[in-house]
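This briefing covers the strands, the nonpolar core and the main pocket of one protein. Please keep the sequence and the 3D view open while reading.

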Amino acid sequence: QVQLVESGGGLVQAGGSLRLSCVVSGSIWFSIKTMGWYRQAPGSQRELVARITSGSSTNYEDSVKGRFTISRDNAKNTVYLQMNSLKPEDTAVYYCNVVTGWDQALFGSWGPGTQVTVSS
C-alpha cells in the first residue's frame with residue numbers, strides 16, 4: 001500500500017521561504033516515477049504546481065516559476081519543494097503524488113497534505 005506523507009508547511013510572512021518534504025512509502029518504484037506537488041486553496045480545485053521526472057527534468061506552473069524549486073532524493077523516496085518569495089496567494093494545502101500524463105495524479109488516495117499560510 002502506497003503512503004504519501006507531506007510535511008514542512010507553516011505560517012510565514014510574505015517574502016519568506018519554506019521547504020516542503022514528501023516521503024513516499026510502498027512499492028511504487030519511486031525512482032522511475034514522475035512526482036508532483038499539488039496545492040488546493042479554499043474554494044478552488046487542486047492544481048499541479050511543480051513536477052519532476054525520473055531524469056530530474058522539471059516543470060512549473062506559471063505563477064511559481066522562478067520562486068519554487070522541486071527536487072528529489074531517490075535514495076530516500078522523498079520529493080521536496082523549496083518555496084521562496086512566498087505570496088499570500090500561495091496559501092493552500094500542499095500535497096504530493098505520482099504524476100501520470102502531464103498533470104494527473106495517479107493515486108486517488110491523497111496524503112494528509114501540509115498547510116502553507118502566507119500572511120501579507
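Strands are DSSP runs of E at least two residues long, numbered from the N terminus, and two of them pair if DSSP finds at least two bridges between them. The model discussed here is predicted. It contains an open sheet of 4 strands, a nonpolar core of 26 residues and a largest pocket of about 230 Å³.

**Hairpin of β7 and β8**
- Strands β7 and β8 are joined in a hairpin with 4 residues between them.
- N77 of this hairpin takes a positive phi near 50°.
- The two strands pair in the antiparallel sense, over 6 bridges.
- One of the residues paired here is R72, whose bridge partner in β8 is V79.

**The open sheet**
- The strand order is β1-β3-β8-β7, and the pairing is antiparallel.
- β1 (3-7) and β7 (68-73) are the edge strands; each has a single partner, so one side of each is left without a neighbour in the sheet.
- From one strand to the next, the twist averages 15°.
- β1 is paired with β3 (residues 18-25) through 5 bridges, in the antiparallel sense.
- V5 has V23 of β3 as its bridge partner.

**Two faces of β7**
- In a regular strand, side chains alternate between the two faces of the sheet.
- Which residues of β7 make up the covered face, and which the uncovered one? F68, I70 and R72 are on the covered face, whereas T69, S71 and D73 are on the uncovered face.

**Nonpolar core**
- The largest nonpolar core has 26 residues, and those with the most contacts inside it are W37, V79, L81, M83 and Y94.
- Two or more residues of this core come from each of β3, β4 (35-40), β5, β7, β8 (78-83), β9 (92-100) and β11 (114-119).
- V79 thus appears twice in this account: as the bridge partner of R72, and among the core residues with the most contacts.

**Largest pocket**
- Rolling a probe the size of a water molecule over the atoms shows where empty space is left.
- The largest pocket holds about 230 Å³ of space.
- Its lining consists of 15 residues, with Y38, E47, L48, V49 and D103 lying nearest the centre.
- β5 (47-52), β6 (58-60) and β10 (104-105) each supply at least two lining residues.
- β5 gives the largest share of the lining, 5 residues.
- By class, the lining has 8 nonpolar, 5 charged and 2 polar residues.
- β5 therefore contributes both to the lining of this pocket and to the nonpolar core.

Methods
Residues are numbered from 1 along each chain as its sequence is written. This is a predicted model: local features need pLDDT of at least 70, side-chain atom pairs count only at pLDDT 80 or more; totals for chains, interfaces and linings use all residues. Side-chain values use heavy atoms; hydrogens and water are left out. Axes are lines fitted to C-alpha atoms, for helices over the stretch in contact, and angles run from 0 to 180 degrees between N-to-C directions. On a 1 Å grid over the protein atoms alone, a cavity is a set of points where a 1.4 Å probe fits but cannot get out, and a pocket is an open set with protein on both sides within 12 Å along at least five of seven lines; lining residues have an atom within 4 Å of a point. Grid points are joined across faces, edges and corners, and a volume is the space filled by probe spheres set on the points. Ala, Val, Leu, Ile, Met, Phe, Trp, Tyr, Cys and Pro count as nonpolar, Asp, Glu, Lys and Arg as charged, and the others, Gly among them, as polar. A nonpolar core is a set of buried Ala, Val, Leu, Ile, Met, Phe, Trp, Tyr and Cys residues joined through side-chain atoms within 4.5 Å. Buried means under 20% relative accessible area, exposed over 50%, partly exposed in between (1.4 Å probe, protein chains only).
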